[in-house]
Amino acid sequence: MLKVDEEIFLKYGHEFIDWIADYMDHIEDYPVMAKVEPGEIASRLPTAPPDEPESMEAIFNDFKHIIVPGMTHWQHPSFFAYFPANSSAPSVLAELLTAALGAQCMIWQTSPAATELEEVVMDWLRQMLNLPDNFCGVIQDTASTSTLAALLCARERVTNFDVNLHGFKKGSPRDLIIYASEEVHSSIEKGVKIAGFGKDNLRLIPAGPDFAMLPEELEKAIENDKKAGRLPCCVVATVGTTSSTAMDPLKPIGEICERHRIWFHVDGALAGTAAILPEMRHLLDGIEHADSFVFNPHKWMFTNFDCSAYFCKDPKSLTSTFEILPEYLKTDLDRRVKNFRDWGIPLGRRFRALKLWFVIRHFGIKGLREKIRTHLELAREFESWLREDPRFELMAPVSVNLVCFRYNPPERSLTEEELENINKNLMDELNRSGNMYVTHTKLKEKFTIRLVVGQTNTGREHVQRAWASIQEAAKDL
Ligand SMILES: *Cc1c(COP(=O)(O)O)cnc(C)c1O
């Protein structure tokens, strides 16, 4: 290493670690949601790159004074917005080592340990979720990519690799149809467009009052399409929808898929993690029918973004769909090893297994279960407080760590429009305070505030404080 780099590392390596430790320690002093206007941060940065080298001191200083104030603090324990993207000390430390190694882990030979560690930790995850023995895992960057991979595998299986060879041609193959509930995540529509099915061929199946897909409606839609000469290709079920963590019933949906020979993909991006608890494993009942399943350790398993766990029954579905073999990537070992470049969309791959390995070892299954169990209990407790206050309405069943609610005192007989305005104001006021961060959705057209308990260090006091702020703010509505 060049001398100058060594010096920078010794000085700033230590300084950065000190800063990180202090940040973690004092994160509650920061407003959860960034308090900046659009354009404010860019206006403080030079519009042209520097000609001359700059000192690390100057760069670090700008990081602290320009960048950090423009950040929303996802690791703040009062972050209750969206779904979490939580992290932890062992994960951050592993990311540092990953960056130092700087490896590009596309094939076994380019980093044998990265490939083999990924095989091992993905099998650990399989065991932790009690997935069937014949499920085989690979790490993808996001659930969106995982689902796109599943859609492409489904497309190739149902057309016997015809689209890979000839592309979609007019009239051949016939219209391929994808099914998902009306509550499905937007990444499915995106995947359907990218994979060439066309949005018109995505059937959004009605959900019941609990926002879960109605299997009888799914079967009706499949039969209609078959009668019309279309080819059902893939069903996507969700374990924990993004709006309300609704649970599509995997068993009946899986049986329908088997009867009609349709690829069955299960999206458990957030809620999959809960299945590491024996008492919550029922969330995955029926998973044995799935061809593929994804959940995100980067959401709710204390592993830095990005780390999405994709499992499938038949890894050949991936390799036959994605395999490419240019001369410059051939090695003598190709028959004996896994080359993960053929298990997904990008060629280049980060060493993501390392942080997952650190996290699982650091907490142990016991420690991970304890944290998840705490989040579930806190969500239940928040739900019970809401139920006791007649000014508030629970908007969906609480199945894991998300509580959907709104302010709606019966004696005020507010219209839907008034309710939307009032609840939007309530949410904005809570977020402006900097003390907590919640986001919203619409459930059956009704404006709904979502509170998700999922940050690594969220404790009872944070949920309690959030509830106190909500009650206080409701006085002036
Ligand atoms: C968050 C989420 C996704 C997308 O996750 P990414 O990893 O950001 O692509 C997909 N499906 C569901 C149900 C989600 O909640």
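The following exchange covers the ligand site and Phe168 in a predicted model.

Local features need pLDDT of at least 70, side-chain atom pairs count only at pLDDT 80 or more, and totals for chains, interfaces and linings use all residues. Residues are numbered from 1 along each chain as its sequence is written, and side-chain values use heavy atoms, with hydrogens and water left out.

Reader: What makes the side chain of Ser144 a polar contact of the ligand?

Author: A polar contact is a pair of N or O atoms within 3.5 Å; within protein, one must be able to donate a hydrogen and the other to accept it, and residues adjacent in sequence count only if both atoms are side-chain atoms. An N or O atom in the side chain of Ser144 is 2.5 Å from a ligand oxygen, so the pair qualifies.

Reader: Which value is found for Lys299?

Author: A polar side-chain atom of Lys299 lies 2.9 Å from an oxygen atom of the ligand. The ligand taken alone exposes 390 Å², and the protein buries 88% of that (Shrake-Rupley method, 1.4 Å probe; for residues, only the protein chains shown count as cover).

Reader: Why is Phe168 called partly exposed?

Author: Buried means under 20% relative accessible area and exposed over 50%, with partly exposed in between (1.4 Å probe, protein chains only). Phe168 has 36% relative accessibility, so Phe168 counts as partly exposed.

Reader: Where is Phe168 found?

Author: Phe168 is in the loop between helix 6 (162-166) and strand 2 (176-181); helices (H or I, at least four residues) and strands (E, at least two) are DSSP runs, numbered from the N terminus. From C-alpha to C-alpha, Phe168 and Gly196 are 7.7 Å apart in space, and 28 residues apart in sequence.
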